[in-house]
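The following exercises concern strand order, helix packing and a chain contact. Please work through each one with the structure at hand.

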Amino acid sequence: MNSISHPCTRLLDVRNLSVGFGRRGQQQTVVDRVSLHIQPGECLALVGESGSGKSVTARALLGLVGNRGTVSADRVDLDGHSLLGLSAGQWRHIRGRRIGLVLQDALVSLDPLRRIGLEIDDSLRLHTALSPVQRRERVLELLESVGMPEPRLRVEQRSGELSGGLRQRALIASAIALRPPLLIADEPTTALDVTVQAQILQLLAHLKQQGTAVLLISHDLAVVNRIADRVAVMRGGHIVEEGPTDAILNLPTHHYTRALIDAVPAGTPRGQLLVQERHNTPTAVPPPMPTKTGAPLLEAANLAKTFRRPDGSRFTAVDDVSFHVRSGQTLGLVGESGSGKTTVARLVLGLTQPDEGTVTLAGEAWSRQRERERRARRHLVGAIYQDPLSSFDPRHTVGQILRDAVGSGENGRSREAQVARLLDAVGLSSGIRDRRPLHLSGGQRQRVAIARAIAPSPALIICDEPVSALDVSVQAQVLDLLDELQKTLNIGYLFISHDLGVVQHMSDTVAVMQRGRIVETGPAEDVFRKPDHPYTRQLVAAAPRL
Amino acid sequence: MSHAQAPVPGLSAASGRVQPRTRNRTNAAELGAAAVLLFLVAAAIFPHLLSSFDPLGINPAKAFSAPSSSHWFGTDESGRDIYSRVIYGTGQSLLIGVTATAIGMGLALVLGVLGGIGSRSVDFAVTRLNEVLFALPGLLLALVFIAIVGPGVVTSTIAVGLSTAPGYARIIRSQIRAVRGSAYVEAATVLGRRPVTILARHVLPNAVAPVFVLATLGVGQAIVWASSLSYLGLGAVPPAAEWGAMLSAGRTYIGTAWWMTVFPGAFIVLTAGAATVLGRSLQARTRQENR
Amino acid sequence: MRAARWVVSRIAGGAFVLWAVATLIFFALRMIPGDPAEAILGGPGSQASAEALAQVRRDYGLDQPVIVQYLTAMGRLVTGDLGTSYALKMGVADLIGQQLWNTLSLTVLALVVAWGLALALAVWASRGGGLGTRVGSAMEVVAAAVPHFWLAAILILLFSSTLGWLPPISTGGPLGLILPVVTLAVPLAGFLGQVMRESLIDALEAPFALSARARGETENGVRWRHAIRHAALPAISLSGWAFGSLLSGAVVVETVFARPGLGRTLLNAVTIRDIPVVTGVALVSALAFILVTIATDAIDRIADPRLATS
């Protein structure tokens with residue numbers, strides 16, 4: 001590309017790297033003639049959706065694509081030395097010493113059965129002649145340098161005993177133990193809470209300042225914006241566009257890059273579609289039952305719920321939580337993991353009984369009732385989950401799932417017609433009817449889940465992290481669909497998410513949860529623009545933006 | 001609180017792993033297993049078509065003949081043709097295996113479903129009972145049962161069924177519990193379905209269907225155990241043409257007439273092996289279909 | 001503190017199971033038609049005189065009400081008195097004491113050999129060789145399909161009758177122990193090997209293995225420092241069950257190899273319906289099984305701290 005950097009300053013220089021899998025003849029190319037380069041102290045972000053080949057590219061740079069993959073390239077130079085055709089022993093000399101790797105979620109990326117001190121110690125043991133005592137000192141220094149509190153205590157713990165942020169720090173410590181000039185970070189902050197994510201990004205930025213080159217692999221443009229100097233956008237094994245971060249994010253030239261940026265919900269006003277071309281217009285389904293005039297659709301008052309821990313002690317999951325949802329409106333419930341969002345969802349769905357407080361639905365009592373009494377009004381409330389696949393009976397086809405949701409009240413033919421209408425409303429072709437959810441894509445599965453949720457004509461739908469597992473472009477389509485359905489069907493949403501951007505885009509009102517309590521609530525625009533509560537301010541500041 | 005899960009042959013989390021390279025080979029094994037089972041069923045129904053001697057016909061002059069072209073598997077201490085006896089014994093041996101499995105599965109279904117859908121106290125009681133039965137692992141429970149009731153084909157069949165029941169019951173119970181806690185059962189509740197409907201439409205089909213696949217594997221195991229009891233002289237008794245009983249007779253002559261032991265035993269191995277191979281591939285298939 | 005509570009609750013659970021087994025056998029016996037006194041005097045064929053029967057009933061307390069008999073039996077059990085053998089007229093506890101070591105040495109040895117064999121198989125298969133995987137799969141079918149008695153017969157034919165290397169009868173010497181141990185260990189190794197192989201392969205493909213490789217760890221380092229523990233965990237959990245299945249297999253193996261031990265004692269007692277011996281062996285086996293299960297679960301909790309906290 002039109003890079004200004006000179007070859008001599010390049011730490012990593014890759015020309016036409018290709019990776020294929022499968023046997024010769026029927027090989028599938030996953031990475032196709034990828035070229036990239038990084039200078040010391042620079043961060044290059046490789047951005048793409050799942051299946052774009054970004055992680056395989058990273059593994060190829062470490063010689064870790066496995067036996068079934070074949071790697072070819074015109075050039076892969078690290079510090080002027082070629083990495084092509086290295087023997088297993090030579091690769092081991094590179095790994096850890098010249099290139100470090102940080103993966104997603106240290107809970108599984110660090111051996112859960114070994115103490116983290118030992119995991120970090122391994123790097124030193126493999127590449128240095130330090131004595132065990134010296135190594136231990138070094139491990140403690142490393143933990144300190146990545147901002148681990150009480151390193152002497154932590155060194156004896158295993159990844160499962162640490163919080164997400166701390167164990168990610170430990171993982172980084174093990175990767176930088178030998179101060180490798182190149183650090184590859186593959187989705188290093190995915191699955192972390194937004195405030196923790198900000199801390200980890202800061203740590204990576206700090207390493208960058210000290211001269212480490214960082215190759216950041218990410219699906220999240222906003223994360224990339226925080227730290228990357230240059231961005232390369234990958235799709236289907238190709239790099240479609242590459243350039244300085246500002247230029248790429250503000251003036252993308254490739255249509256795919258533009259679509260990716262448009263799909264990011266943060267900053268897009270409520271009600272505006274994220275995907276430009278509309279695929280279909282949902283046809284009207286019978287409007288929901290009108291609620292008693294004046295009363296909000298859903299009213300939660302002073303909800304409290306405690307759970308017993310395995311050791312017998314109790315912890316408060318939800319503490320004095322009150323909110324309401326109006327017809328056709330969205331209440332966004334935002335908070336980090338463990339803040340009690342999902343417990344709130346279960347209380348509102350009537351799956352868990354509150355210890356204190358009440359839930360009122362359309363002016364009538366909903367909680368503190370027998371399930372038998374609630375059942376007649378179950379059709380008023382639908383639910384959409386983060387993992388739609390597990391919410392479908394694995395033995396059922398899409399058609400069976402939807403027929404079941406339509407209910408037995410209808411006769412066979414009108415049921416079929418209803419299923420066809422539902423599929424149409426969520427933008428699925430009727431050919432999908434005989435397939436099982438297992439064989440559908442993530443986006444299709446979530447559409448089926450939405451179709452099931454709207455089948456009984458509900459007045460309210462609880463959306464619990466409905467787009468968290470989806471790629472950004474698919475996420476945008478699903479959010480658009482939810483938006484359109486709300487407009488046509490006048491459904492109220494309780495929209496639960498950890499993602500501030502998504503909540504901001506989807507909500508009329510927002511409630512911020514922290515440790516079981518709602519710390520701030522108000523119109524979405526106000527809460528995000530002028531947050532009142534310190535915690536909200538911290539969240540908003542931590543959230544990466546485009 | 002629970003002990004380790006006893007493995008039922010072939011039941012493990014990862015048997016369904018997709019490995020393209022092993023795919024064809026598995027198919028060859030499946031084909032072989034199916035052929036063996038077909039042959040055994042034919043032998044059970046039409047033994048006279050597959051053998052030329054009377055399974056009980058004594059011919060002392062030819063006692064202890066080694067395998068030859070006229071007596072493929074040799075003859076026993078009374079000069080009876082072992083091949084014919086093995087063929088004629090197929091029916092009874094298969095019947096014992098199937099009956100024992102049916103008894104074990106029936107008992108396990110009752111216990112497992114009770115524990116799976118019952119209240120906390122019912123589950124507690126069933127789990128404890130299962131633990132007690134489990135404390136006499138394998139054949140020990142069968143032996144105690146026989147000691148109390150007395151030996152014979154019928155008691156040994158029941159005994160084998162009884163010994164296999166706790167393992168199956170545990171699997172059924174945990175499967176039902178897992179399905180009951182699944183997100184799709186919750187989704188059905190949110191849709192306003194009654195517990196009975198959920199049980200019938202989601203829980204039982206998903207929890208119990210795999211059990212029928214297990215039963216295929218169980219038949220092989222039951223035949224092995226029942227033949228062991230016969231071999232120990234507690235099941236079918238010579239001169240009955242039942243594989244275990246033939247082995248029991250052969251035990252005395254293991255030093256001189258090895259064919260009396262090897263061939264009937266080989267049929268047990270073939271049968272149980274075929275059932276295992278088929279059961280496992282069935283399992284892998286259903287697992288692949290469902291997730 | 002938590003560990004102590006766990007141990008106490010497991011021991012209490014084990015005691016309950018033992019009591020329940022004893023109770024179940026006791027009442028099952030009382031529901032079966034037939035006169036125990038007759039059995040004591042040698043079965044229905046013995047044609048014992050009425051006086052002799054009455055004498056035996058008095059001696060064994062069979063003239064007492066059932067509940068008294070039950071309480072007496074349970075009281076004796078607590079003190080370790082397992083009653084008197086009908087046939088051998090000696091204390092069951094003494095009888096078992098004589099045989100216990102024979103069976104324990106056989107089963108424990110078989111368990112160790114099976115573990116070693118399973119581990120070797122799993123590692124072999126994980127080295128990427130198709131052959132190792134194939135042998136492993138074949139072993140699984142063997143484990144499920146080959147009865148102990150047949151395997152024993154084949155081994156005797158091969159190594160005793162044909163090659164003459166090993167004795168067909170397992171008397172005192174260590175040479176005689178080889179065939180019985182192999183007979184018990186091979187099928188068990190098939191089961192354990194399957195479990196180990198699958199978890200070993202899973203562990204080698206886990207993210208932490210990738211992290212280790214990216215650190216510069218060798219394949220052997222990944223295997224022995226990381227993956228092997230993950231492979232061992234489920235096999236440790238299964239070892240309680242495995243020990244139980246070995247106790248059961250010992251009945252057959254001890255019989256085939258004419259080796260004195262609990263299994264053979266049990267079989268003889270079952271054949272002549274010597275109920276006190278059957279009950280005694282069953283209870284001791286259950287006790288051994290329960291203790292081994294508690295031990296393996298404890299090892300599991302030490303090896304995998306996630307279990308102890310969850």
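In β9(A), Leu216(A) is the bridge partner of Ala45(A). The model is predicted: local features need pLDDT of at least 70, side-chain atom pairs count only at pLDDT 80 or more, and totals for chains, interfaces and linings use all residues. Residues are numbered from 1 along each chain as its sequence is written, while chains are lettered from A and ligands numbered from 1 in the order in which they are written.

**Exercise 1.** State how strands β3 and β9 of chain A are joined, and place them in their sheet.

Solution. Strands are DSSP runs of E with at least two residues, and helices are runs of H or I with at least four, numbered from the N terminus. Strands pair if DSSP finds at least two bridges between them.
1. β3 (residues 43-47) and β9 (residues 213-218) of chain A run parallel, joined by five bridges.
2. The open sheet has six strands with mixed pairing, in the order β7-β8-β9-β3-β10-β11 (chain A).
3. β7 (99-102) and β11 (238-244) of chain A each have a single partner strand, so one side of each lacks a neighbour in the sheet.

**Exercise 2.** Which residue classes form the side of chain B that touches chain C?

Solution. Contact requires C-beta atoms, placed from the backbone, within 7 Å.
1. Chain B contributes 45 residues and chain C 54 residues.
2. α4 (120-134), α5 (139-149), α8 (195-231) and α10 (259-290) of chain B each supply at least two residues of the chain B side.
3. That side has 29 nonpolar, 14 polar and two charged residues, where Ala, Val, Leu, Ile, Met, Phe, Trp, Tyr, Cys and Pro count as nonpolar, Asp, Glu, Lys and Arg as charged, and the others, Gly among them, as polar.

Methods: Two residues are in contact if their C-beta atoms, placed from the backbone, lie within 7 Å.
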